[in-house]
Amino acid sequence: MSDLFPATVTSIPAGLEGDEAQREAVRRYVAEVYARPLEAYAQRLRLPSGEDSYALVSSLVERILRDPAYLDRWRASGKRLHQWLANGLHLELRNELARRMRRSTKDLPEELGADQSPDAILRKGVAEALVARAVREAQSSLPGPQHWEILRRHVLEKLDFAALGEIYGVSAERAAVMARTARRRIRKSLEALLVQEGWAMEELGAGLDELLGDLS
Amino acid sequence: MSSEPTMLWPQGGGPTLDSTGLGADGDAARLVRALTSDDAATVDHLVSMLEAGADAEVERVLASAPIAALDPSGTAAGRGLLDGAASLESLRAAKDAVKADLSGATDEVSHARALLAYFMVTAAALRHHDTPIGARSRADMAPLLLEVATALPDAWLHLFAEAAMGDRGGAGAAGG
């Protein structure tokens, strides 16, 4: 589990039902996991000159962290979290432009075009953030760095276990077991993160399929 | 939004794909495919079962009809697989019977036992006859055999490892 997430809280929706400490921890988790994907998305928007994607996302992150009801409104909306946050980003930009340019927000929509589906950009960003976090969490629970390296090189470089065993000074079957251990830990971490994101235990297979679709 | 952004979240903070060695496009998807592949799930289940009692599981599989048929006396099927006494023809017949068991398995335990039997006969064919008798090549079978090997009793560990390694040598050839 993420060290940001309270041990007693199993998911974002459950955390929002908890006490203020749990609700604050959920807000921090959402801010950390979603900030980078949101910035990647903001960078793909055709922002007016003078607008900075980092500043824009920081403004939204500040709202998430400082407004205790922000995520409650998301839950009430029925939208997926990434969609709600994307809308929030657009709202931040509209508000800022309206403030600066002293004109109505309804005059601005043509300035907000994106060259790629915001949904796809955000979903891919979030999926990548979850995979990176799952790998990092699994790494910290493995006996050493070799387990992950053997799995990574077996999957990405297509090196067989005999070759990897020679590289890392273990037998081929030991290399296979180390890769399997890493694989199982990462999958477990990823499943825990999906639960945090609100997936039900019995739907984790579908969650992993969706995550793979978002990455592809 | 203020003109000076509030630094509430650090640029560069938190794990990224780059920091985990998955920086190239498509790396994360390849990893997730490996995590969720049918092979991974099948091997994980078989290994979990073996970890709960490998000797008993091996005995049970050796007593199953397709494997017991390798030795008409009904007592030395295991030796036939381990020592190479079983002919390639008999291994092919056993493999066909085991495949029928695999397709007919109605629960995870039966499926895992049939899979272990399948691995035993295909490993024997690879090790003693240098011949893949299933749909997969030695290279395709090797990762599966190696992942299962260390959960097996020593004699079978060596058979599986040697089958996977081919002419590169068997268990222990690459060190501890």
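What follows is a short chat about contacts in this predicted model.

Local features here need pLDDT of at least 70 and side-chain atom pairs count only at pLDDT 80 or more, while totals for chains, interfaces and linings use all residues. Residues are numbered from 1 along each chain, chains are lettered from A in the order in which they are written, and side-chain values use heavy atoms, with hydrogens and water left out.

Me: Why is the pair B:Asp25 and A:Lys124 called a salt bridge?
Reply: The rule wants a side-chain nitrogen of Lys or Arg within 4 Å of a carboxyl oxygen of Asp or Glu. The closest N and O atoms of B:Asp25 and A:Lys124 are 3.5 Å apart, so the pair qualifies. Across the interface of chain B and chain A the rule finds 4 salt bridges, and over all chains the count is 26.

Me: What else describes the interface of chain B and chain A?
Reply: Going by contact (heavy atoms within 4.5 Å), 49 residues of chain B meet 55 residues of chain A. The buried area (accessible area, 1.4 Å probe, that two parts lose on being put together, summed over both) is about 4500 Å², with 64% from carbon and sulfur atoms.

Me: What makes A:Glu62 and A:Arg66 a salt bridge, and how far apart are they along the helix?
Reply: Their N to O distance is 3.1 Å, so it passes the same salt-bridge rule. They're 4 residues apart in helix α3 of chain A, which means about one helical turn separates them. Helices here are DSSP runs (H or I, at least four residues), numbered from the N terminus.

Me: Why does A:Asp67 with A:Arg73 count as a polar contact?
Reply: A polar contact is a pair of N or O atoms within 3.5 Å; within protein, one must be able to donate a hydrogen and the other to accept it, and residues adjacent in sequence count only if both atoms are side-chain atoms. The side chains of A:Asp67 and A:Arg73 are joined at 2.6 Å, so the distance fits. A:Asp67 sits in the loop between α3 (53-66) and α4 (70-77) of chain A. Leaving out residues up to four places away in sequence, A:Asp67 touches A:Arg27, A:Glu62 and A:Arg73.

Me: How do you describe the packing of α7 and α8 of chain A?
Reply: With axes as lines fitted to C-alpha atoms over the stretch in contact, and angles from 0 to 180 degrees between N-to-C directions, helix α7 (residues 145-156) and helix α8 (residues 161-168) of chain A pack at about 145°, axes 10 Å apart. Among the residues making the contact are A:Ile150 of α7(A) and A:Leu164 of α8(A).

Methods:
Helices (H or I, at least four residues) and strands (E, at least two) are DSSP runs, numbered from the N terminus.
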